[in-house]
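Please open the structure in your viewer and keep the selection panel at hand. The tour below proceeds from the whole chain to individual positions.

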Amino acid sequence: MEVNPPKQEHLLALKVMRLTKPTLFTNIPVTCEEKDLPGDLFNQLMRDDPSTVRGAEILMLGEMLTLPQNFGNIFLGETFSSYISVHNDSNQIVKDILVKADLQTSSQRLNLSASNAAVAELKPDCCIDDVIHHEVKEIGTHILVCAVSYTTQGGEKMYFRKFFKFQVLKPLDVKTKFYNAETDEVFLEAQIQNITTSPMFMEKVSLEPSIMYNVTELNSVNQAGECVSTFGSRAYLQPMDTRQYLYCLKPKKEFAEKAGIIKGVTVIGKLDIVWKTNLGERGRLQTSQLQRMAPGYGDVRLSLEAIPDTVNLEEPFHITCKITNCSSERTMDLVLEMCNTSSIHWCGISGRQLGKLHPSSSLCLALTLLSSVQGLQGLAKLPEQALNIRSSCLSLPRSWNYRHKTQLKMDQGLRNITRDPMSNRRKSRP
């Protein structure tokens, strides 16, 4: 939309047109039955219409393309393209023509001109053409400022400019949720909604992780040795439809052992979204760095590293626990105490020293247990603690109770085990 048309007659005329892909021409089919009064007249008119599809005249879509009739909508992430033409409408030769195109946003002013050099002269009925491109990265009001300066034959310097205002709209609504697992894994759920009025082809939705994580996409399944998308073979997102994408982030090996570093990491990465609209118009969005709420592990953290899949009743089985000193400055001298339940019994020495554990260090501990009761059992069935860790070397001695909700099913033969790694419960007391 032109804001301030020129008030002075100039020798040059400036025309600006947005470059967009055409659309398919649509018809409104009008038909009737043969026994009606018009008979076959309407059908014959549609068959003679050059814009209809032969053999499918009653379809609204035709074989022709329609050029844009208005400026249209511009969405964030798309490429704005415009054609600029300066025509000499006079019968004089104009000299030193300089055409400049700037894009004014709410935060900056960008120069879009391909060349800042002036044209020596422009003869009558000749023109200067230029095409500008810009990837839109801000929403809100944008103003395209086109300025033209030139010199007449009499040596008079002339100058005029035009303003074209347009709005940049938001194409997608992105919402994220984080789930912190007990194994330092982070699960990201991204909900992407198409808030435009036309369907989108989702070409790519990926997560670029931060330097400390590796990412695994969980948006496909393996069927007969082939990866099949959970969204089906057609990746179209209809207007106002929403899709959920899931990703799993695991700490890299060099950072996994540094509990203090992983504990405080809040930056996870950013989403990269690429889509196409009518006739292949491409758009791309990258979110800002996604941040999670860092989990609070306290001073000491206990996690289950290994547990067997099957166990036998009244036969010892082994588990591996990992104890991590999450403190950044205190060294702990740990003592392990084991308390039995009515169904699960610890095999080993209770009250033994585990030694010193330095800040941000870990200790793997192999433990042996057996079950004396059939059926589904848990390591923390009773209110008393199942595993107690005491620190006796601190200025303020403390103890931690750990009761993993790891459930074991006991039968006469082989017994299954089911784990819930995210249901670890811990209580700290002075």
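Begin with everything selected: of the 430 residues in the protein, 39% are buried, where buried means under 20% relative accessible area, exposed means over 50%, and partly exposed lies in between (1.4 Å probe, protein chains only). The model is a predicted one, in which local features need pLDDT of at least 70 and side-chain atom pairs count only at pLDDT 80 or more, while totals for chains, interfaces and linings use all residues. Residues are numbered from 1 along each chain as its sequence is written, and side-chain values use heavy atoms, with hydrogens and water left out.

**The whole protein**

Switch to a cartoon view. The secondary structure comprises 3 helices and 35 strands; these are DSSP runs numbered from the N terminus, helices being H or I with at least four residues and strands E with at least two. Among contacts with a separation of 6 or more, 69% link residues 24 or more positions apart, a contact being heavy atoms within 4.5 Å. A surface display covers about 24300 Å² of exposed area, 52% of it supplied by carbon and sulfur atoms; accessible areas come from the Shrake-Rupley method with a 1.4 Å probe, and for residues only the protein chains shown count as cover.

**An open antiparallel sheet**

Next, select strands 23, 25, 29 and 27. In that order, these 4 strands form an open sheet with antiparallel pairing; two strands pair if DSSP finds at least two bridges between them. Strand 23 and strand 27 (344-347) are the edge strands, each pairing on one side only. Neighbouring strands of the sheet are turned by 40° against each other on average, direction ignored; the axes are lines fitted to C-alpha atoms, for helices over the stretch in contact, and angles run from 0 to 180 degrees between N-to-C directions.

Zoom in on strand 23 and strand 25 (residues 317-325), which run antiparallel and are joined by 6 bridges. Leu304 stands opposite Cys321 of strand 25.

**Two buried acidic residues in loops**

Which loop holds Asp299? Asp299 is found between strand 22 (290-291) and strand 23 (300-306). With a relative accessible area of 14%, Asp299 is buried. Add Arg330 to the selection: Asp299 and Arg330 are 31 residues apart in sequence and 9.2 Å apart in space, C-alpha to C-alpha.

Then move to Glu185, in the loop between strand 12 (172-180) and strand 13 (186-194). Glu185 counts as buried because its relative accessible area is 19%. Leaving aside residues up to four places away in sequence, Glu185 touches Tyr179, Asn180, Cys248, Leu249 and Lys250.

**Positive phi values**

Most residues other than glycine have a negative phi. Select Asp96 in strand 6 (residues 94-104), where phi is near 50°, a positive value in a residue other than glycine. Asp96 is partly exposed, at 43% relative accessibility.

Glu314 also merits selection: its phi is positive, about 60°, although it is not a glycine. Glu314 lies in the loop between strand 24 (310-312) and strand 25, and it counts as exposed because its relative accessibility is 56%.

**A nonpolar patch**

Finally, select Met17, Leu19 and Val131, which make a nonpolar surface patch of about 240 Å². Val131 is placed in strand 9 (residues 127-135) and is partly exposed, at 36% relative accessibility.

Note on methods
Patch = residues over 30% accessible without salt bridge, like charges linked within 9 Å, V, L, I, M, F, W, Y side chains within 5 Å. Salt bridge = Lys/Arg side-chain N within 4 Å of Asp/Glu carboxyl O.
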